[in-house]
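Thank you all for coming. I would like to walk you through one structure this morning, taking a few of its parts in turn, and I would ask you to keep the picture in view while I talk.

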Amino acid sequence: NPGAGAGRTVGAEELLELLRAHGHRATPLSMEDDDWHDRLLGASVDLVAVAGGDGTLRTVLTALAGTDATVGVIATGTANNIAHSIGAPVDDPASSVEGWHRASTLRFDVPSFRADGGRHGPGSSRLVESLGGGVFAELLAVAEEREERVGEDGGTEDGLRLLRRVLRSAVPQAWEVVLDGRDLSGEYLAVEAMNIRRIGPNVELAPDADPGDGLVDLVLVGEDDRATLAGHVDDLLRVGTPGEQVGAPELHVRRGRLVELRPPPGCHLHVDDEHWVAAPAPGG
């Protein structure tokens with residue numbers, strides 16, 4: 001993705017020279033090309049090298065779902081939550097490429113989900129990072145509004161400040177939640193089914209999540225967890241280094257295979273970084 005990241009962008013020629021220097025033969029594809037998807041799926045290669053951020057990785061991993069393709073990550077985005085979650089170097093293309101010679105492979109699930117309503121109506125699709133609603137979905141809505149207003153996407157620190165503001169005013173809402181047949185319904189500030197460890201502006205919501213175990217980590221953030229999550233956000237802001245580990249917040253995390261969610265009417269929702277809204281209440 002030529003436009004990935006909030007800092008210096010990495011050009012195709014620079015990447016090709018780096019790959020050649022480490023003994024690789026590479027064919028470049030750009031996310032700006034209309035036919036990149038067809039060319040990707042039609043290629044016969046040993047490795048699909050993805051240079052970009054979470055959005056780029058999500059698009060490619062979704063396209064490759066169900067195949068046995070091997071993906072090498074060159075994280076050049078803003079949050080880079082996927083790279084952080086799998087231990088890949090961030091903002092260091094040389095280290096990323098150099099590490100492939102000694103790297104081990106890991107399985108990465110691309111879970112499916114089905115929606116029965118909401119802005120996009122019924123349908124099914126895939127997720128790579130997380131699915132849920134509440135404060136993190138509202139953060140997406142606030143960030144989108146800010147981007148439209150100021151004309152640029154904020155960095156990780158901006159996202160943390162917005163999250164702190166959203167969390168401060170959030171009101172718990174009633175959710176119907178079922179995990180593998182177990183009813184966990186209640187009032188929550190956030191409900192997140194996590195495939196990876198991090199969400200949003202580098203918040204490590206599910207520290208033990210394994211994207212290759214066939215399960216999701218369900219995080220339920222209640223009123224009693226508000227101070228814990230707010231403290232974690234403050235710690236991340238205090239450190240001031242994107243992605244720096246400050247210790248995950250101690251939240252209620254449960255692991256399972258099938259999550260069923262019925263959000264409150266009009267609740268902010270998201271699938272990865274796509275923001276949408278639950279259907280309104282009848283007559284509302």
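**From a central strand to the loops**

In β9, Leu131 has Ala193 as its bridge partner, and I start from that pairing in what is, I should say at once, a predicted model. Leu131 belongs to the pairing of strand β5, residues 130–134, with β9, and these two strands run antiparallel and are joined over five bridges. If we now turn to strand β12, residues 216–221, we find that β9 is joined to it as well, again in the antiparallel sense and by five bridges. Two of the positions can be picked out by eye: Ala193 has Leu218 as its bridge partner in β12, and Val191 stands opposite Leu220 of that strand.

Stepping back, these strands are part of an open sheet of six, whose order is β13-β12-β9-β5-β15-β16 and whose pairing is antiparallel. The edges are formed by β13, residues 252–256, and β16, residues 274–277, each of which pairs on one side only. From one strand to the next, the twist averages 15 degrees.

How many of the five residues of β9 are buried? Five of the five, across residues 190–194, and so the strand is largely enclosed by the rest of the structure. The cover is found on both faces, since on one side Ala190, Glu192 and Met194 are buried, and on the other Val191 and Ala193 are buried too.

Let me move from the sheet to the helices. Helix α6, residues 135–150, lies across β5, β9, β15 and β16, and its direction makes an angle of about 85 degrees with β5. The same helix also meets α7, where the two axes come within 9 Å and cross at roughly 120 degrees. An angle of that kind falls outside the ranges for parallel, perpendicular and antiparallel, and α6 and α7 are therefore oblique to each other. The crossing of α6 past α7 is right-handed. On the α6 side, the residues in contact include Val135, Phe136 and Leu139, while those on the α7 side include Leu162, Leu163 and Val166. Sorted by class, this contact has nine nonpolar residues, one polar residue and four charged residues.

Helix α7, residues 156–169, has another partner in helix α8, residues 226–239, and here the axes are 10 Å apart and the packing angle is about 160 degrees. Because angles over 145 degrees count as roughly antiparallel, that is the description that applies to α7 and α8. Their crossing is left-handed. Among the residues that meet are Leu160, Arg164 and Leu167 of α7, together with Leu229, Val233 and Leu237 of α8. By class, the contact of α7 with α8 has eight nonpolar, one polar and six charged residues.

A separate helix, α3, residues 54–64, is mostly covered, with eight of its eleven residues buried. Those buried residues are Asp54, Thr56, Leu57, Arg58, Val60, Leu61, Ala63 and Leu64. What lies over them includes α2, β1, β2 and α4. After α3 comes Gly66, which has a positive phi, near 90 degrees.

That brings me to backbone angles, where the general background is that most residues other than glycine have a negative phi. Asp180 has a positive value, near 50 degrees, although it is a residue other than glycine, and it is found in the loop between β6 and β7. Asn202 is not a glycine either, and its phi is positive at about 65 degrees; its place is in the loop between β10 and β11. Which of the terms buried, exposed or partly exposed applies to Asn202? At 4% relative accessibility, Asn202 counts as buried, whereas Asp180, with a relative accessible area of 46%, is partly exposed.

Finally, please look at Ser124, which lies in strand β4, residues 123–126. With a relative accessible area of 62%, Ser124 is exposed. Leaving aside residues up to four places away in sequence, Ser124 touches Phe113 and Arg114. Ser112 is twelve residues from Ser124 in sequence, and their C-alpha atoms are 7.1 Å apart in space.

Technical notes:
Residues are numbered from 1 along each chain as its sequence is written. This is a predicted model: local features need pLDDT of at least 70, side-chain atom pairs count only at pLDDT 80 or more; totals for chains, interfaces and linings use all residues. Side-chain values use heavy atoms; hydrogens and water are left out. Buried means under 20% relative accessible area, exposed over 50%, partly exposed in between (1.4 Å probe, protein chains only). Helices (H or I, at least four residues) and strands (E, at least two) are DSSP runs, numbered from the N terminus. Two strands pair if DSSP finds at least two bridges between them. Axes are lines fitted to C-alpha atoms, for helices over the stretch in contact, and angles run from 0 to 180 degrees between N-to-C directions. Angles under 35 degrees count as roughly parallel, over 145 as roughly antiparallel, 65 to 115 as roughly perpendicular and the rest as oblique. A crossing is left-handed if the near helix is turned anticlockwise from the far one by less than a right angle, and right-handed if clockwise. Contact means heavy atoms within 4.5 Å. Ala, Val, Leu, Ile, Met, Phe, Trp, Tyr, Cys and Pro count as nonpolar, Asp, Glu, Lys and Arg as charged, and the others, Gly among them, as polar.
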